[in-house]
Amino acid sequence: HRELQGHESDKFLSYFKPCIIPLEGGIATGFKKPEEEEFEKRLYVCRGKRVVRLKQVPFARSSLNHDDVFILDTQNKIYQFNGANSNIQERAKALEVIQFLKEKYHDGTCDVAIVDDGKLDTESDSGEFWVLFGGFAPIGKKVHNEDDLIPETYPAKLYSITDGEVKIVEGELSKGLLENNKCYLLDCGAEVFVWVGRVTQVEDRKAASQAAEDFVGSQQRPKATRITRVIQGYETNSFKANFDSWPAGSTAPGGEEGRGKVAALLKQQGVGIKGMIKSAPVIEEVPPLLEGSGKMEVWCINGSAKTPLQKEDVGKFYSGDCYIVLYTYHSGERKEDYFLCCWIGKDSIEDDQKMAARLANTMCNSLKGRPIQGRVFEGKEPPQFIALFQPMVVLKGGLSTGYKKSIADKGLTDETYTAESVALIQISGTAVHNNKTLQVDAVATSLNSTDCFLLQSGSSIFTWHGNQSTYEQQQLAAKVAEFLKPGVVLKYAKEGTESNAFWSALGGKQSYTSKKASTETVEEVYNFSQDDLLTEDILILDTHAEVFVWVGQSVDTKEKQNVFEIGQKYIGLAASLDGLSPNVPLYKVSEGNEPCFFTTFFSWDSTRATVQGNSFQKKVALLFGASHAVE
């Protein structure tokens, strides 16, 4: 990436918290001892909601305007001047900068004053502020210069670069146009990419970078136009998104960026930090789970109603049905918290899926919008969901009338599990957060040496222990058998010692695998923090294992209605660019009700959730106390 001072990209600025403080002069200035230089008043304009662009402007009234936020740094006091038309979130960010200046240049001891445009009180801080500018007088309108020009983004055009010459490439943009022995320029307006084929010469690469500089110069583009070079096989999502088709599986492994934050998550999935599957057993890190001993309620969707499950059936999920799960628990000192989820069986009918979402929304509203609301697909259940059920068993077929009717209409055999049917159940989990069990086809090829299985046949249940299965799996197998058929006497069948009755129930002996199924890896995490959760916004956190849509308290009520659509749209995009599973669990989280498995991705300070108001008021309260926020 090529970055120009004063026009840096958001991503570059995100590495400098709270912002880059521009100093006049060269390195010598930076290393001068403070006692040598007299404190000089400095006036800065401060722009940006998430990343801050701080620019020093002349210390004069003519520099001020009604649209921006300014910081005046004097020896004994730092003033923040909020233009009447300035953005609330920019005001909040400016306070972070002031806090930084106070700690770094004033040893944390100077006063801080907030001056509002148009409010003059000669006795107060605003009176002092205007005295520094030679007395109060009206300020002018914002004067725009070329530095303020924001480059326009427009449909991408592709050019080939040969001997430094740029020529347009005609046709629809597809990956097939890029030849690996050439360099190309992709012009998107606000950003210009140089794509470098893998088998190009060093001279060609140098010439391509220079050609991009010349191209931007000759077009008289704004200074903020970014130039980014990408190498074949390591293209960024923002580059790939410009092409009509970018075949999946053609991307190189993700960059090292953000690996630290996802290391724990990768370990949890039994994956090495480089994304390689570990063959040696790993000590599993248990992810954050919800508090135990809460109240569990489960309903199965049947037509336009929901039927509550009997206590002894909680934990049984049929693939042809949809369920609503409501778990009420206490976390720390907080009042009751709620985890509300729809579980969507892979063979369930669309009407039941829609009804589950509708009824869950009604429940969420009746609880004043406080629950963490989730949508979980069969086979992609997150650890927090699985851990609530001890055990969790996914069974074939369905009990709802809609499912039964759809099977009959299609002329299919109803394979729904019953206590009398022949059923093979796979037990592969090793801990509370992953011990989901699954009914599989009752044939010998379904067996796997790494797991335990239960075989139900008539009044008998065999427990089969694979040679590579763990003690935890064997214990869980006994627990699941008791759950499905209370009081049953188990018949043991260790791998290699099976009876004829065992094989005949499976339709005869056949060969099966002894390999562990591979696990997914997590790709990338950006440089975010809790400060980025601004109360006026809706944000998406993609952990690759789940997607959260976080909704700030100050978000418009209409926007709050479309949260799941926003999440689904994002998943569609990330599925095509990043290989995210389209059936990844999707959660809606409202500000102030964040669960532990969301906050674990931040250095979380729970006191912030209790502060009321807009972004600016919250920030004032956090830095200077609640009484200041009211003022």
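**Two open sheets and the enclosed cavities**

Trp195 stands opposite Val230 in strand S10, a strand that spans 226-231, where strands are DSSP runs of E with at least two residues, helices are runs of H or I with at least four, and both are numbered from the N terminus. The model is predicted, with local features requiring pLDDT of at least 70 and side-chain atom pairs counting only at pLDDT 80 or more, while totals for chains, interfaces and linings use all residues. Residues are numbered from 1 along each chain as its sequence is written, and side-chain values use heavy atoms, with hydrogens and water left out.

**Five-stranded sheet**

- This open sheet has mixed pairing in the order S7-S6-S8-S9-S10, two strands being paired if DSSP finds at least two bridges between them.
- Its edge strands are S7 (165-168) and S10, each of which pairs on one side only.
- Strand S9 (residues 191-196) runs parallel to S10, to which six bridges join it.
- Helix H5 (residues 202-218) lies across S6, S7, S8, S9 and S10 and runs at about 25 degrees to S8; axes are lines fitted to C-alpha atoms, for helices over the stretch in contact, and angles run from 0 to 180 degrees between N-to-C directions.

**Seven-stranded sheet**

- A second open sheet, also with mixed pairing, follows the order S13-S17-S19-S18-S20-S21-S22.
- Strands S13 (316-318) and S22 (490-494) stand at the edges with a single partner strand each, so one side of each is left without a neighbour in the sheet.
- Six bridges pair S20 (residues 452-457) with S21 (residues 460-465) in the antiparallel sense, and Ser457 stands opposite Ser460 in S21.
- Helix H11 (residues 471-484) packs on this sheet, and its direction makes about 25 degrees with that of S20; contact means heavy atoms within 4.5 Å.

**Cavities**

- There are three cavities of 30 Å³ or more, a cavity being a set of points on a 1 Å grid over the protein atoms alone where a 1.4 Å probe fits but cannot get out, with lining residues having an atom within 4 Å of a point.
- The largest cavity has a volume of about 280 Å³, a volume being the space filled by probe spheres set on the grid points, which are joined across faces, edges and corners.
- Its lining comprises 21 residues, of which Gln530, Leu533, Glu591, Arg608 and Lys618 lie nearest the centre.
- Helices H3 (88-105) and H16 (615-624) each supply at least two residues of that lining.
- The second largest cavity holds about 40 Å³ of space, and its lining includes Leu13, Phe16, Arg50 and Glu96.

Note on methods: 1 Å grid on protein atoms, 1.4 Å probe; cavity = no way out; pocket = protein on both sides within 12 Å on 5 of 7 lines; lining within 4 Å.
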